[in-house]
Amino acid sequence: MNIRRILLAAGTGVLLALSFPSFSLPFLAWVGLIPLFFALYDASVKQAFAIGWIAGLVFFGGTVFWVTNSIHFYGNVPLLPASLITFLLCAYLALYIALFSAALVYARKNRPALMFIAAPAIWTMLELARTYVFTGFPWSLLGYSQYSVLPVIQIADITGVYGVSFLIVLVNAATAQVVFDRRHYPALIAAVGLVVSAIGYGYMRLGQPDGNRQLRISVVQGNIEQDKKWDPAYQSEVISTYRRLTASALADKPDLVIWPETAAPFYFGGTGPEHGALTEDLIKFVGRSRVPLVFGSPTYRIGPDRTVRLRNSAFLISAEGNIEAVYHKMHLVPFGEYVPLKKLLFFVEKMVQAIGDFEAGDNYTVMTVMNDKGEEIRLATVICYEIIFPDLVRRFVARGADVMNTITNDAWFGRTPAPYQHFSTAVLRAVENRVPIARTANTGVSGFIDSKGRIINASGIFTEAYLTNTITAGDTRTFYTKYGDIFSYACTLLAVFIIIKRK
């Protein structure tokens, strides 16, 4: 493999990384894969795998480098091992682009005329796989690069975010194919036609009216430093901060107030005298305010073997001060809330020493709140990392949620692009299911996204804030909500057919 191929592969990695927050240059994604396609020209399958891996390593190195910040500053892992762990993660993620490149070269040798459709089908198949393999890590899916390009992403209500990725790769592949051989211009015409059709559909969806039921929500961003969050010496200060900000937000007359993930710096509902007193005090505070509160708190249960099982939970306390609903986080963060394959990966267990080893919930909880007209609005909460999983959010909406809420503590990310990348994933969840999303983050970004993916309001990071907006509840169930990832599975079948089909 020569230096030219290496530079072209690295060029693709750089262009794709620049299309994501916080650089946010989405147009680069539409040409970002072309250098890789040039690098793959006349390459063997083995060479293609290595070329794709280099492109992937640069791409993921440019988008998930924040992992080092998280595990070094908050996991107490020394900088060098933390950097090595991040490198290994990027190296693993790069395998998906390596497999894409190798499969594409193999398919092109058998059916060169189908490269323009094989490329997006294979890419979509591998993005779907990355969502599930080893518990899944669907960060930096290519479609997220377009979160701010509203006409393009509206097709997600049919295809999910994967359909946006498909279009991007289709344009890249068709353009490269025409450059390789001008006789393939029909491929580019077809790609442009599909994109124009998708944009036309997008403008049509953007022009459709919203529903009638509305809910006024205040989100409260406490900006609690991570090293103070669980320090008993700062417990009263943390609680006081949220109460003070909530008191200010109540002047906006919200129907609901939302605090972030683990906003309560104690075990809500815990049996110990201190936790019990703080639980009762919070319930009384909500009762006095006469406005329902959704908030995050660590909880625990005693297992059959008398061991303590920690859980990351969200509660709804009614305006009357009653505990109306509780949700226990189902998709836990590997190496953050638990260590997968503990016996094999014993050397990284210290990464979760600060927060413990959590147990996953198993219930898609949908909560009911009332607006000022006395109308019922059904709301579901996902916690932190869960918002990046399209099918998980879809299942809440399929079970009746009209509004989605995501609570998170992004202090782990520091001042990196990660909070903005995390926020951008919520835009696609809103479009996929045509439900608005209220996002509440300890250190930001907090804000509101409507059912068409428009960012109504957003806070800065590492600042105290409260935001109040009236959002319109979703009133339809999209194709994606009803049927899930049918498009992506169809792409998988197409990719397999093209790869194994001989001339």
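**A tour starting from one bridge**

Select Met370 first: its bridge partner is Glu376, over in strand S7. Bear in mind as you click around that this is a predicted model.

Now widen the selection to residues 376-383, which is all of S7. S7 pairs with S6 in the antiparallel sense, and 4 bridges link the two.

Next, bring up the rest of the sheet. How many strands does the open sheet have, and in what order? There are 6, running S6-S7-S8-S9-S10-S11, with mixed pairing. Colour 367-370 (S6) and 455-458 (S11) to mark the edges. Each of these two strands has a single partner, so one of its sides is left without a neighbour in the sheet. Look across the strands and you'll catch the twist: neighbours are turned by 25° against each other on average, ignoring direction.

Then add residues 418-433, helix H16, which packs on this sheet. Which strands does H16 touch? Show S8 (403-408), S9 (437-441) and S10 (447-449), plus S11, and you have them. Line H16 up against S9 and their directions make about 160°.

Finally, zoom out to the whole chain, with its 18 helices and 12 strands. Its radius of gyration is 23 Å, close to the 23 Å given by the globule rule for 503 residues, so the chain is as compact as a globular protein of that length. Along the principal axes, the C-alpha atoms fill a box of roughly 75 × 55 × 40 Å.

Switch to a burial colouring: 60% of the 503 residues are buried. Turn on the surface and you're looking at about 19,900 Å² exposed, 62% of it supplied by carbon and sulfur atoms.

Terms used:
Residues are numbered from 1 along each chain as its sequence is written. This is a predicted model: local features need pLDDT of at least 70, side-chain atom pairs count only at pLDDT 80 or more; totals for chains, interfaces and linings use all residues. Side-chain values use heavy atoms; hydrogens and water are left out. Two strands pair if DSSP finds at least two bridges between them. Axes are lines fitted to C-alpha atoms, for helices over the stretch in contact, and angles run from 0 to 180 degrees between N-to-C directions. Contact means heavy atoms within 4.5 Å. The radius of gyration is taken over C-alpha atoms; the globule rule is 2.2 Å times the number of residues to the power 0.38. Buried means under 20% relative accessible area, exposed over 50%, partly exposed in between (1.4 Å probe, protein chains only). Accessible areas come from the Shrake-Rupley method with a 1.4 Å probe; for residues, only the protein chains shown count as cover.
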